[in-house]
Amino acid sequence: MVLVLKKEEKLPAVKNSVAECVGTTPLVRLNRMFPQSHIEVIAKLEYMNPGGSMKDRPARFIIEEGFKSGTINQGTHIIESTSGNLGVALAMMARIYGLSVTCVVDPKIAPTNLNIMKQMGANIAMVEERDDQGGYLQTRIKRVQQLLQKEPNAFWINQYANDNNWRAHYEGTGSEIAESLEYADILVAGVSTSGSIMGTSRRMREKFAKLRVVAVDAVGSIIFGSPAGPRELPGIGASRVPELLNRSEIDEVIHVGDRDSAEGCRELLLSEGIFAGGSSGSVVAAIQRLIPTLEPRADRPIRIVTLFPDRGDRYMDLVYDDRWVQGLERSVHI
């Protein structure tokens, strides 16, 4: 296929590294999935970042800001607890900046993400013991602390408390949305570290003052005060409250279970041809619940903006695996 350019179009500039390819992800209307005339749903396809997820943004931003401030140098050993995507992003950035990295993970990590991290040369520390909330986050953090004691040149990314996490999305995701749209009414976004929803909404509210922010959390997550419970899908929810989260900036919370997330992923793929990861299915399910509660406007459609954080190929052993979904059904009835 030959690319034909119009006279006014130019070929994109050649990048010096894959790090420069992070960001400027597309916005797409989901007209087929949400055909209601009084609603317009627009998704930012964050899975089109080079590492396959929105975590490329904070990985690049935190490392580059670290070099600027002197907290990171060529001898630094990066350490982070991760459910998968940030580990991939950090491993990718480590190759570019000549850093070593250790990713502390748990058995719920998507096998594909784990393999990618290994192929990129990341050190893997797997924890097996669940914490008192039934998850692995607290035991992952405990392992991080142990590694920090052993590594004199270690730097802990600490994505749940690092302000550069939300700032990466303020400068990137939120700014790109604000610059691309003339108006927005509602932001619907999944929550784990809360960096993406905090940073994106703060930048969007600078332009769209009446923006309503709806957080999507996993059933079994304790972020917003719900009781802890079993949850199998990585990348959404947490067994601790992130330090970055400012609850007063969230207008509404919708909790979505693993089964509904899987169904949302599959519906999105069949209706829009968008092959996205588990938390994208969660926000789809949340939007489906939200729409019937919205009163139509007389002047224009209500515009809902959402984020699709990562790619579906990382979840072939999870939400796109019939046996995995059937296992969820069995666990519900036990």
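Where is Thr24 found? Thr24 sits in the segment before strand 1, which covers 27-29. Before I go on, a reminder that this is a predicted model.

I start with backbone angles. Phi of Thr24 is near 50 degrees, which is a positive value in a residue other than glycine. Thr24 has 69% relative accessibility and counts as exposed. The other residue I want to show is Ser194, where phi is near 80 degrees, again positive in a residue other than glycine. Ser194 belongs to the loop between strand 7 (186-190) and helix 6. Is Ser194 buried or exposed? At 2% relative accessibility, Ser194 counts as buried.

That loop leads us to helix 6 and its contact with helix 5. Helix 5 is residues 163-180 and helix 6 is residues 195-207. Their axes come within 7 Å, and the crossing angle is roughly 45 degrees. Angles under 35 degrees would count as roughly parallel, and 65 to 115 as roughly perpendicular. Helix 5 and helix 6 are therefore oblique to each other. As for the hand, helix 5 passes helix 6 in a right-handed crossing. On the helix 5 side, the contact residues include Trp166, His169, Tyr170, Thr173 and Ile177. On the helix 6 side, they include Met198, Thr200, Arg202, Arg203 and Glu206. How do the residues of this contact divide? There are six nonpolar, nine polar and four charged.

Now the salt bridges. How many does the structure hold? The structure holds 23 salt bridges. I will go through three pairs and one network.

The first pair on my list is Glu46 with Arg57, where the closest N and O atoms are 2.6 Å apart. Glu46 is in the loop between strand 2 (39-45) and helix 1 (56-69), while Arg57 is in helix 1, and the two are 11 residues apart. Glu46 has a relative accessible area of 0% and is buried. Arg57, at 7% relative accessibility, counts as buried.

Next is Asp106 with Arg140, and here the closest N and O atoms are 2.5 Å apart. Asp106 lies in the loop between strand 4 (100-105) and helix 3 (111-119), and Arg140 lies in helix 4 (residues 137-150), so this salt bridge ties together parts that are 34 residues apart in sequence. Both Asp106 and Arg140 are buried.

The last pair brings back a residue from the helix contact. Arg202, part of the contact of helix 5 with helix 6, also meets Glu249 in a salt bridge, at 2.9 Å from N to O. Arg202 is in helix 6, and Glu249 is in the loop between strand 8 (212-218) and strand 9 (252-256), so the pair ties together parts that are 47 residues apart in sequence. Which burial class does each partner fall into? Arg202 is at 22% relative accessibility and counts as partly exposed. Glu249 has a relative accessible area of 15% and is buried. The cut-off for buried is under 20%, so the two partners fall on either side of that limit.

Finally, the network. Arg29, Glu40, Glu182 and Arg303 are joined into one network by salt bridges that share partners.

Definitions and conventions
Residues are numbered from 1 along each chain as its sequence is written. This is a predicted model: local features need pLDDT of at least 70, side-chain atom pairs count only at pLDDT 80 or more; totals for chains, interfaces and linings use all residues. Side-chain values use heavy atoms; hydrogens and water are left out. Axes are lines fitted to C-alpha atoms, for helices over the stretch in contact, and angles run from 0 to 180 degrees between N-to-C directions. Helices (H or I, at least four residues) and strands (E, at least two) are DSSP runs, numbered from the N terminus. Angles under 35 degrees count as roughly parallel, over 145 as roughly antiparallel, 65 to 115 as roughly perpendicular and the rest as oblique. A crossing is left-handed if the near helix is turned anticlockwise from the far one by less than a right angle, and right-handed if clockwise. Contact means heavy atoms within 4.5 Å. Ala, Val, Leu, Ile, Met, Phe, Trp, Tyr, Cys and Pro count as nonpolar, Asp, Glu, Lys and Arg as charged, and the others, Gly among them, as polar. A salt bridge is a side-chain nitrogen of Lys or Arg within 4 Å of a carboxyl oxygen of Asp or Glu. Buried means under 20% relative accessible area, exposed over 50%, partly exposed in between (1.4 Å probe, protein chains only).
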